[in-house]
Amino acid sequence: MFKLILKFHDTVVGDYTFHETPVTIGRREDNDVCIDNMAVSGHHAVVETEEPNHYVLVDLDSLNGTFINERRISREHIFHGDSIIVGKHSLIFEDLRPEDLRPSREDEPGQYGKPIQQFRDTVILDTKAQEELLAKQFKEGRRPAEEPVEKAKRVELRGSLTIISGGTPQIIDLDKRLTTLGKSSDADVKCSGLLVGKTAALINKRPNGYFLTYAEGMKKPEVNGEAVTAQVQLRDGDEVIIGSTRMTFNLVEESP
């Protein structure tokens with residue numbers, strides 16, 4: 001549970017409380033936080049959750065960028081009291097969970113949290129001392145560290161939707177970080193049906209896969225015949241139904 005306080009300069013122009021994620025920020029009306037300013041992209045950024053208890057701010061390839069405390073980010077943990085800058089507006093992030101349940105930026109390792117203690121256990125040996133240490137390890141039945149294993153090749157996931165019925169038959173590549181589905185004229189994937197919301201569902205592209213989230217509308221999306229009430233990860237071959245529009249999700253792995 002968290003709050004976003006929208007400000008233009010020093011004037012508060014909006015106050016939003018959320019119990020679930022994802023929460024989208026942008027200029028289009030189908031966003032959870034709509035900012036009517038040309039400096040803001042249609043779908044500018046999104047707040048997501050990450051295990052074990054973090055909130056994460058993700059820039060959606062916006063034109064003018066997304067900033068946390070005046071530093072441009074692409075994807076980063078966000079903490080109580082942080083200032084999100086989107087275009088000419090700012091959003092103050094308030095984590096409404098009990099203080100003992102919310103993380104702190106001071107606990108983050110790296111450049112912008114607590115410094116990582118470097119070389120804590122490092123001992124520099126001269127050549128002779130190093131040879132003596134290796135000989136001792138062999139004598140005691142221990143082997144020196146083996147050569148590092150070659151890193152696994154990075155694999156990029158590519159998802160797409162194939163519309164089977166209830167719409168124009170076509171294949172839609174899911175190459176955006178956030179794809180909207182619904183009957184809105186601005187939706188990336190147009191879906192039909194009387195009880196379908198303008199933005200019925202969202203598909204988030206993440207490094208570990210694609211996730212479909214219910215957004216609005218009396219008719220919830222279905223994946224393989226099961227209604228989606230919150231969020232579900234899509235698998236290759238899944239059948240997705242929104243209203244009267246039926247689609248299949250396809251996933252392929254590519255080496256960049």
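A salt bridge is a side-chain nitrogen of Lys or Arg within 4 Å of a carboxyl oxygen of Asp or Glu. The legends below describe close-up views of a predicted model.

**View 1. The salt bridge between glutamate 76 and arginine 105.** The side chains of these two residues meet with an N to O distance of 3.2 Å. Glutamate 76 belongs to strand β9 (residues 75-78), and arginine 105 to the loop between β11 (89-95) and α1 (127-139), so the contact ties together parts that are 29 residues apart in sequence. Glutamate 76 and arginine 105 are both buried. The structure as a whole holds twelve salt bridges.

**View 2. The salt bridge between glutamate 48 and arginine 206 and the network around it.** An N to O distance of 3.4 Å separates the side chains of glutamate 48 and arginine 206 in this salt bridge. Because glutamate 48 lies in strand β5 (residues 45-50) and arginine 206 in strand β16 (residues 201-206), the pair ties together parts that are 158 residues apart in sequence. Glutamate 48 counts as buried at 3% relative accessibility, and arginine 206 is likewise buried, with a relative accessible area of 14%. Through shared partners, salt bridges join Glu48, Glu50, Arg75 and Arg206 into one network.

**View 3. The largest cavity and its lining.** One cavity of 30 Å³ or more is counted in the model, and the largest cavity has a volume of about 30 Å³. Its lining consists of Glu48, Val58, Leu60, Arg75, Arg177, Lys205 and Arg206. By class, these residues divide into two nonpolar, no polar and five charged. Glu48, Arg75 and Arg206 of this lining are also members of the salt-bridge network.

**View 4. The largest pocket and its lining.** The volume of the largest pocket is about 520 Å³. Its lining comprises 26 residues, and Asp30, Asp32, Leu202, Ala215 and Glu216 lie nearest the centre of the pocket. The elements giving two or more residues to this lining are β3 (23-26) and β17 (209-214). The lining residues of the pocket divide into seven nonpolar, eleven polar and eight charged.

**View 5. A nonpolar surface patch and the salt bridge of lysine 219.** Leu194, Leu195 and Met218 form a nonpolar patch on the surface, with about 400 Å² of accessible area together. Methionine 218 is placed in the loop between β17 and β18 (222-223) and counts as exposed at 70% relative accessibility. Lysine 219 forms a salt bridge with glutamate 222, with their side chains meeting at 3.6 Å, N to O. Lysine 219 is partly exposed, its relative accessible area being 34%.

**View 6. Two cis peptide bonds that lead into proline.** Most peptide bonds are trans. The bond from threonine 21 to proline 22 is cis, with omega near 5°, and proline 22 is located in the loop between β2 (11-18) and β3. Glutamate 51 and proline 52 are likewise joined by a cis peptide bond, for which omega is about 0°. Proline 52 occupies the loop between β5 and β6 (54-59).

**View 7. Positive phi at histidine 9 and glutamate 70.** Most residues other than glycine have a negative phi. Histidine 9, although not a glycine, has a positive phi of about 60°. Histidine 9 is situated in the loop between β1 (2-8) and β2 and counts as exposed at 59% relative accessibility. Glutamate 70, also not a glycine, has a positive phi of about 70°. Glutamate 70 is in the loop between β7 (66-68) and β8 (71-73), and at 70% relative accessibility glutamate 70 counts as exposed.

Key:
Residues numbered from 1 in each chain as written. Predicted model: local features only at pLDDT ≥ 70, side-chain atom pairs only at ≥ 80, totals over all residues. Heavy atoms only, no water. 1 Å grid on protein atoms, 1.4 Å probe; cavity = no way out; pocket = protein on both sides within 12 Å on 5 of 7 lines; lining within 4 Å. Points joined across faces, edges and corners; volume = space filled by probe spheres on them. Nonpolar A, V, L, I, M, F, W, Y, C, P; charged D, E, K, R; others polar. Helix = DSSP H or I, 4+ residues; strand = E, 2+ residues; numbered from the N terminus. Buried < 20%, exposed > 50% of the residue type's maximum accessible area, 1.4 Å probe, protein only. Patch = residues over 30% accessible without salt bridge, like charges linked within 9 Å, V, L, I, M, F, W, Y side chains within 5 Å. Areas by Shrake-Rupley, 256 points an atom, 1.4 Å probe, with all protein chains shown as cover.
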